[in-house]
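Please look over the sequence and the model shown below before reading on. The paragraphs that follow lead from one residue to the ligand, then to the interior, the backbone and a few distances.

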Amino acid sequence: MTRRVDLHGDIGEILVSEDEIQSKVVELGRRISVDYAERQLTLVSVLKGSLPFMADLMRAISIPVRIDLMEVSSYGGTATESSGLVRILKDLSATIEGDDVLIVEDIIDTGLTLNYLIRYLRGKNPATLRICTLLDKPARRLVDIPVDYIGFTIPDQFVVGYGLDYGEVYRNLRFVGVLKPEVYSEPA
Ligand code: IMP
């Protein structure tokens, strides 16, 4: 039988609150605005998980900025494990050649997805390519990736909310939380 999702009731613990996220987004937006003043900044975010972070971050940036969206799916993995095999479902809609590109990510876990994306975007000849992630889970990193802007470093726990999903739900929570263990043990 399919488990019934209880959006708030399924959350065991709030790891990063809505207020903490919002103040961090403001702080990151300020830093990026200073660092990229006089540059040609393009934010590239990766759907679907980065959608809320991208929407909030771009509005916390006070300099002119272009945006573009990609969608990738990793395949061969499970609902909670990335495989590193990445398929591009939606490519950039404009050239980034000569731009100062900042990748906006929701979370870096093993780093395999981002590693693929960096190599792909480097091939498009941006002037610079840097990374901004809301969440960093360094405990599970398999490839070394220099990350320029990190919102929160979190422990090795699978999290949902603020764009992050489990079985495509929980993305619309305004905070980042950990699911109760029983949610994983029943089929979604
Ligand atoms: P990586 O390739 O292992 O770094 O994983 C990257 C992608 O896996 C992220 O962009 C997320 O979509 C997903 N992911 C990794 N950890 C989590 C998590 O704790 N919650 C939800 N999605 C996650």
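Not counting residues up to four places away in sequence, which residues does D109 touch? In this predicted model, the residues that D109 touches under that condition are K137, R140 and R141. With R140 there is also a polar contact, made between the side chain of D109 and the side chain of R140 at 2.7 Å. As for its place along the chain, D109 is in the loop between β5 and α3. Is D109 buried or exposed? Its relative accessibility is 14%, and because buried means under 20% relative accessible area, D109 counts as buried.

K137, one of the residues that D109 touches, leads on to the ligand, since K137 is also listed with T110, G111, T113 and V159 as the closest of the 16 residues that surround the ligand. An N or O atom in the side chain of K137 is 2.9 Å from an oxygen atom of the ligand, while a polar side-chain atom of T113 lies 2.5 Å from an oxygen atom of the ligand. At V159 the polar atom belongs to the backbone, and a nitrogen atom of the ligand is 2.6 Å from it. How much of the ligand does the protein cover? On its own the ligand has 490 Å² of accessible area, and the protein covers 85% of it. Two elements, β5 (100-108) and α3 (112-122), give two or more residues to the shell around the ligand, and β5 gives the most, with four residues. Sorted by class, the shell is made of six nonpolar, five polar and five charged residues.

From the ligand the description can turn to the interior. In soluble globular proteins, nonpolar side chains tend to be buried together. Here the largest nonpolar core has 27 residues, of which I32, F53, L57 and L135 touch the most other members. Which elements give two or more residues to this core? They are the helices α1 (18-35) and α2 (51-60), together with the strands β2 (41-47), β5, β6 (128-136), β7 (149-153) and β9 (176-179). The largest share, four residues, comes from α1. L57 can serve as an example of the contacts involved: leaving aside residues up to four places away in sequence, L57 touches V25, L28, G29, I32, V104 and C132. A second core of 17 residues, separate from this one, includes V86, L92, L114 and I131. β5 thus appears in two settings, as an element that gives two or more residues to the largest core and as the element that gives the most to the shell around the ligand.

The backbone has some details that deserve a careful look. Most residues other than glycine have a negative phi, and most peptide bonds are trans. Against that background, the bond that joins L47 and K48 is a cis peptide bond, with omega of about -5°, and K48 is found in the loop between β2 and α2. E38, although it is not a glycine, has a positive phi of about 70°, and Y170, also a residue other than glycine, has a positive phi near 80°. E38 lies in the loop between α1 and β2, whereas Y170 lies in the loop between β8 (159-160) and β9. Which of the opposite words, buried or exposed, applies to Y170? Y170 is buried, with a relative accessible area of 1%, while E38 is exposed, with a relative accessible area of 80%.

Finally, a few pairs of residues set separation along the chain beside separation in space. P181, in helix α4 (residues 181-185), is 171 residues from D10 in sequence, and the two are 9.0 Å apart in space, C-alpha to C-alpha. R119, in helix α3, is 93 residues from V26 in sequence and 29 Å from V26 in space, again C-alpha to C-alpha. R87, in strand β4 (residues 85-90), is 83 residues along the chain from Y170, and their C-alpha atoms are separated by 23 Å. Of these residues, P181 is exposed, with a relative accessible area of 63%, and R119 is exposed as well, at 56%, whereas R87 is partly exposed, at 46%.

Definitions and conventions:
Residues numbered from 1 in each chain as written. Heavy atoms only, no water. Near = heavy atom within 4 Å. Polar contact = N/O pair within 3.5 Å; in protein donor to acceptor, adjacent residues only side chain to side chain. Areas by Shrake-Rupley, 256 points an atom, 1.4 Å probe, with all protein chains shown as cover. Nonpolar A, V, L, I, M, F, W, Y, C, P; charged D, E, K, R; others polar. Buried < 20%, exposed > 50% of the residue type's maximum accessible area, 1.4 Å probe, protein only. Contact = heavy atoms within 4.5 Å. Core = buried A, V, L, I, M, F, W, Y, C linked by side-chain atoms within 4.5 Å.
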